[in-house]
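I sat down with this one and kept a running notebook. Here are my entries, in the order I made them.

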There are 2 protein chains.
Amino acid sequence: MPVNLSAPDPKALHSVSGVRIGVTEAGVRKAGRKDLTVVLLDEGASVGGVFTQNRFCAAPVQVCRDHLAANFGIRALVINTGNANAGTGEDGLTRARATCIAAARLLDVAPEQVLPFSTGVIMEPLPLDRIEAGLPAAIDDAKPEHWARAAEGIMTTDTVPKAFSRQVQVGGATINITGVSKGAGMIRPNMATMLGFMATDACVAPELMQPLARQLAEGSFNRVTVDGDTSTNDSFVVIATGKASHAVIRTLDSAEGQALLEAMQEVARLLAQAIVRDGEGATKFITVKVEGGRDAAECRQVAYAIAHSPLVKTAFFASDPNLGRILAAVGYAGIADLDQTGIDLFLDDVHVAVKGGRNPAYREEDGQRVMARSEITVRVVLGRGQASDTVWTCDLSYDYVSINADYRS
Amino acid sequence: MPVNLSAPDPKALHSVSGVRIGVTEAGVRKAGRKDLTVVLLDEGASVGGVFTQNRFCAAPVQVCRDHLAANFGIRALVINTGNANAGTGEDGLTRARATCIAAARLLDVAPEQVLPFSTGVIMEPLPLDRIEAGLPAAIDDAKPEHWARAAEGIMTTDTVPKAFSRQVQVGGATINITGVSKGAGMIRPNMATMLGFMATDACVAPELMQPLARQLAEGSFNRVTVDGDTSTNDSFVVIATGKASHAVIRTLDSAEGQALLEAMQEVARLLAQAIVRDGEGATKFITVKVEGGRDAAECRQVAYAIAHSPLVKTAFFASDPNLGRILAAVGYAGIADLDQTGIDLFLDDVHVAVKGGRNPAYREEDGQRVMARSEITVRVVLGRGQASDTVWTCDLSYDYVSINADYRS
């Protein structure tokens, strides 16, 4: 059961002029699943992307990097589930490239204008024949209003499709922003998430797309974790079709750039948080905010130590205010000169620990009251500076073990 | 159910001349539990200790460091379960020191000659009155043959007491080595384990005790992990009573030093591995060996990434050869210039991946056959150097969640 997250209403998702989406059942791993999605872009769209920092990055991630660098203008994204095409060596690269060649032929574009994405089981050969066979149906299905279908088409262990949409005024024009994401396990994005795609019809200078993608990822996908496992296939792609009628944005520092960035950041954050809300086995959505650090990096380090601790996560699952486990995680986060006597801990509005020890005014029933909630904020004050940072995570339940013990079988 | 680990036979544990052990039920947290243990040392024993690197280290850890530095000669260890006296601020330090003062008064020694150890729930005040009330009975109980009782007296979520013993010839004398350990969760020792105590009657120069403790920990407790949570209370103490009749060992590089080190290392390793075998919810004992690295540190980094991955651990629990998860963990271990095309993966004798891709000769049923075993070796060859390192871990099961969701309640 995802935490306060339901499937998107297709009617609430704004189409983005210049983007059409098609989905089909290609039988990549199992029959009867929407497992092949194409995102078709009109000529002239600007595209930026950030990808996993995992050194075992998947073949499609390597091909995406090459094709974005080739700079021919991206015209299509091809996304399959059921197989990650990772840990597949040279043969995997050949199959990822062959996917692009097949799509390019059908669309009459160059293979370098196609970006491939795969997600699913690692170290299995990609069934290229089924993807090639499915592509014509996916392309035939393409329509601008198919965003909800895209959110469904890219799901793996997700229990709910994830899509969000916003409109914002930029330079006198109404801009549409819509995005989809997927992922529930192997979630500790490092530069991007499992799969996230966002499009806007705003007019954005092509050279801004990479910094835009990076900045959006930093405030969203790079701040969530389910299980600390950084995926081999993390990819986050941002598309600007340039169909809206306003002057091209040439810097993110302008008023128009800021308005666009803010609205896109909101959608990106919702997409990233949706992955945590639907985290494998999640029953709680936890915000971990660390303040009073010397810099944001050390705050983030402490926040991730808390967010990854199996002991903290199982305590949340049990609604048990066994909060010393949070202090232990702060202590082993790796800040060599951290002084425990400077540290305060809050659980929502409850002041749990003062100067490294239990707050004399803290009562167990106050902790218990907060732990029973489905959304909880852990706030740690390090007391050594002015910086802060926030990450989002979920608890660790029986169902996480169940899902991952049974995922393939 | 621990993995291939049973309770020690008290008769197989050699007494160590100069060491007496007493245990009692002090009711620290719950009634009817052996929760207070004293280890009494004759005058003249040499003692070394290594302690947690957690910056939220417990009050008793801080007092142990002070008392070892004071160098008055250690005469007693006082160990309670049921309460960790961690995250307890200044008041916790006062209570840890008061424990030493109470024991010192009963034993007619200085408080600085007593080392305190606590393990259990974090951020609760230590019930000093119960410990003070229990000390006379624990001291009355002290006998040289009580090592199995000690192993039982220091247990928390352990399901089996952990004690090992060896005899070795050193300088013409027969030396006894016996040790106990405890711990099952919050196990990712960093310089020491939850609690480990070893004693020998060998004659060892006092200045050798710290390097000896460090070296033993490096090859044992510092190579195991259950859940990646470094405890606030990790302590590993090594005692040499000097009762044996051989010339004092003044360097570990001598033949006598090497013989002693080797035998003590074996006991330390068995104690550390016992913690993993009895890891919370463990059903499998996993050896992760990483070879072909540039240095041991990077091999260890990769080994721990694998050993901490919830996805790898749940796959072992399920006996599911979903082995791409291991490659993913290798990839995110943090080696920036790692080349995936140089990497091979073995599961026991089965060659799973070659040069970063699936071995064409690998058959799923071979992986399945190994995964069904209760003891499995994962071997990763990085292909970039000659160094190697090994860590030991266990799988992640429903019972881990169950134990940690219910631990306090």
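The notes go from ground rules to the interface, then to single residues and salt bridges.

**Ground rules.** I am working with a predicted model, where local features need pLDDT of at least 70, side-chain atom pairs count only at pLDDT 80 or more, and totals for chains, interfaces and linings use all residues. I number residues from 1 along each chain as its sequence is written, letter chains from A and number ligands from 1 in the order in which they are written, and take side-chain values from heavy atoms, leaving out hydrogens and water.

**Interface, extent.** I began with contacts, meaning heavy atoms within 4.5 Å. I found 60 residues of chain B in contact with 60 residues of chain A. Next I looked up the buried area, which is the accessible area (1.4 Å probe) that two parts lose on being put together, summed over both. The two chains, B and A, bury about 5,000 Å² between them, with 59% of it on carbon and sulfur atoms. I noted that B:Arg55, B:Phe56 and B:Met123 supply 16% of the area that chain B buries against chain A, more than any other three residues.

**Interface, polar side.** How many residue pairs are in polar contact across the interface of chain B and chain A? I got 19 pairs, both residues at pLDDT 80 or more. My rule for a polar contact is a pair of N or O atoms within 3.5 Å; within protein, one must be able to donate a hydrogen and the other to accept it, and residues adjacent in sequence count only if both atoms are side-chain atoms. I then listed the elements that give two or more residues to the side of chain B that touches chain A: α8 (310-317), α9 (324-331), β12 (350-354), β13 (357-358) and α11 (398-406) of chain B. I take helices (H or I, at least four residues) and strands (E, at least two) as DSSP runs, numbered from the N terminus. By class, that side of chain B has 29 nonpolar, 21 polar and 10 charged residues. Here Ala, Val, Leu, Ile, Met, Phe, Trp, Tyr, Cys and Pro count as nonpolar, Asp, Glu, Lys and Arg as charged, and the others, Gly among them, as polar.

**A residue at the boundary.** I picked B:Asn54, in the loop between β3 (46-51) and α1 (59-70) of chain B. Is B:Asn54 buried or exposed? At 2% relative accessibility, B:Asn54 counts as buried (buried is under 20% relative accessible area, exposed over 50%, partly exposed in between, with a 1.4 Å probe and protein chains only). The B:Asn54 side chain reaches the backbone oxygen of A:Ala328 at 2.8 Å. Beyond its neighbours within four places in sequence, B:Asn54 is in contact with residues including A:Gly331, A:Tyr332 and B:Thr230.

**Helix α9 of chain B.** All eight of the eight residues of α9(B) are buried, so the helix is largely enclosed by the rest of the structure. The cover over those buried residues includes α11 (398-406) of chain A, along with α7 (296-308), α8, β11 (344-347), β12 and β14 (375-381) of chain B.

**Cysteines.** I found zero disulfides over all chains, a disulfide being a pair of cysteine sulfur atoms within 2.5 Å. Why does B:Cys57 have no bond to B:Cys64? The sulfur in B:Cys64 is the closest cysteine sulfur to that of B:Cys57, yet at 10 Å it is too far for a bond. B:Cys57 is buried, with a relative accessible area of 8%.

**Salt bridges.** I searched for a side-chain nitrogen of Lys or Arg within 4 Å of a carboxyl oxygen of Asp or Glu. The whole structure has 40 salt bridges over all chains, and the rule finds two across the interface of chain B and chain A. I also noted A:Glu124 with B:Arg358, at 3.7 Å, N to O. Within chain B, B:Asp141 pairs with B:Arg149, the closest N and O atoms being 2.9 Å apart. B:Asp141 is buried at 16%, whereas B:Arg149 is partly exposed at 26%.

B:Arg379 forms a salt bridge with B:Glu291 at 3.0 Å. B:Arg379 lies in strand β14 and B:Glu291 in strand β10 (residues 285-293) of chain B, so this pair ties together parts 88 residues apart in sequence. B:Glu291 counts as buried, at 19% relative accessibility. My last entry is a network in chain A, where salt bridges that share partners join A:Arg294, A:Glu298, A:Asp337 and A:Arg384.
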